[in-house]
Amino acid sequence: MLLVLSTSKTINATYRNSETGSVLYKVKTPIKVHNLTTTITSRIYDIPRHSEPESPGAQDADERFGFLAEISWHFGGHTEIKYGGRDIDPSMFFRTERKGWRREYIFTAQDDKEYRWSMRPNTSRLKVNDTAATLVAEYRARSVGLRTPKSEAVLEIFPDFEHLADDIMMTFIRVEKLMRSQVEGNSRL
């Protein structure tokens, strides 16, 4: 599944399925001076309506979105996560390892397997955290076409792991924000 971002800002974008054109996720982070909060919503399918839409332009049932996760970024680096109907302590959910100058983030998904996010300058990769290191998902930043071919920002989730899309999305948003803040020298969030 190839998700195309509406902007190059991962924490303020819609994520559209490249095949169907449907928006699957919306990520919003209102601009504030301190304590940003990122809200992730996902498309809701197959929920019947109790009444008819008010107008021909009203949204269909497959165009509705529901709460997936909320990440609160506090001054000083503390983060709070609400996901799967519960509050998650990031220090218990994510484990951090250093690889040279980089940090990599490891977590256990709903399938009880460990996964590892790693970052390069214009890509982030999620792999199974084992000796095979199977590629699960990859984020490729937007390219304006100077050094590489012009392309949109995309998050690709490989077919064998599409059932983990919500886990991948929530962890991607948190890890990408943390890693980009490190690269940009902004350690407060």
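This is a guided tour of a predicted model, strand by strand and ring by ring.

**Before you start**

Residues are numbered from 1 along each chain as its sequence is written. Because the model is predicted, local features need pLDDT of at least 70 and side-chain atom pairs count only at pLDDT 80 or more, while totals for chains, interfaces and linings use all residues; side-chain values use heavy atoms, with hydrogens and water left out.

**Stop 1: strands 3, 4 and 5**

Select residues 23-28, which are strand 3, and residues 36-44, which are strand 4. Strands here are DSSP runs of E with at least two residues, helices are runs of H or I with at least four, and both are numbered from the N terminus. Strands 3 and 4 run antiparallel and are joined by four bridges; two strands pair if DSSP finds at least two bridges between them. Look for Val-27, which stands opposite Ile-40 in strand 4.

Now add residues 64-73, strand 5, which pairs with strand 4 in the antiparallel sense over nine bridges. Here Thr-39 stands opposite Glu-70 of strand 5.

Before leaving, select Lys-26 and Phe-65. The charged end of Lys-26 sits over the ring of Phe-65, 4.3 Å from its centre. To count, NZ of Lys or CZ of Arg must be within 6 Å of the ring centre and within 35 degrees of the ring normal.

**Stop 2: strands 6 and 7**

Next, select residues 79-83, strand 6. Five bridges join strand 6 to strand 5, and the two run antiparallel. Trp-73 has Thr-79 in strand 6 as its bridge partner.

Which residues of strand 6 are on the covered face, and which on the uncovered one? Thr-79, Ile-81 and Tyr-83 make up the covered face, whereas Glu-80 and Lys-82 make up the uncovered one. In a regular strand the side chains alternate between the two faces of the sheet.

Follow the chain into strand 7, residues 86-88, which runs antiparallel to strand 6 and is joined to it by three bridges. One bridge partner to find in strand 7 is Ile-88, which goes with Ile-81. Strands 6 and 7 form a hairpin with two residues between them, and Gly-84 in the turn has a positive phi of about 65 degrees.

**Stop 3: strand 10 and its neighbours**

Select residues 114-120, strand 10. Five of its seven residues are buried, so strand 10 is largely enclosed by the rest of the structure. Buried means under 20% relative accessible area, exposed means over 50%, and partly exposed lies in between (1.4 Å probe, protein chains only). Glu-114, in strand 10, counts as partly exposed at 28% relative accessibility.

On one side of the pairing list is strand 9, residues 102-108, joined to strand 10 by four bridges and running antiparallel to it. Tyr-105 stands opposite Trp-117 in strand 10. The hairpin of strands 9 and 10 has five residues between them, and Asp-112 in the turn has a positive phi of about 65 degrees.

Strand 10 also pairs with strand 11, residues 123-128, through six bridges, again antiparallel. Met-119 has Ser-124 in strand 11 as its bridge partner, and two residues lie between the strands of this hairpin.

**Stop 4: aromatic rings**

How many aromatic pairs does a search of the whole structure find? It finds seven. Rings of Phe, Tyr and Trp (its six-membered ring) pair if their centres lie within 6.5 Å; planes under 30 degrees apart count as stacked, over 60 as edge-to-face and the rest as tilted.

Select Phe-93 and Phe-94: the ring centres are 5.0 Å apart and the planes are at 80 degrees, so this pair is edge-to-face. Both of these residues are buried. They belong to one aromatic cluster with Phe-107, Tyr-115 and Phe-161.

Then select Trp-117 and Phe-172, whose ring centres are 5.7 Å apart with planes at 45 degrees, so the pair is tilted. Trp-117 lies in strand 10 and Phe-172 in helix 2 (residues 165-183), so the pair ties together parts that are 55 residues apart in sequence. Trp-117 and Phe-172 are both buried.

**Last stop: a loop residue**

Finish with Ser-143, in the loop between strand 12 (135-140) and strand 13 (154-157). At 12% relative accessibility, Ser-143 counts as buried. Show Ser-8 as well: the C-alpha atoms of Ser-143 and Ser-8 are separated by 9.4 Å, though the two are 135 residues apart along the chain.
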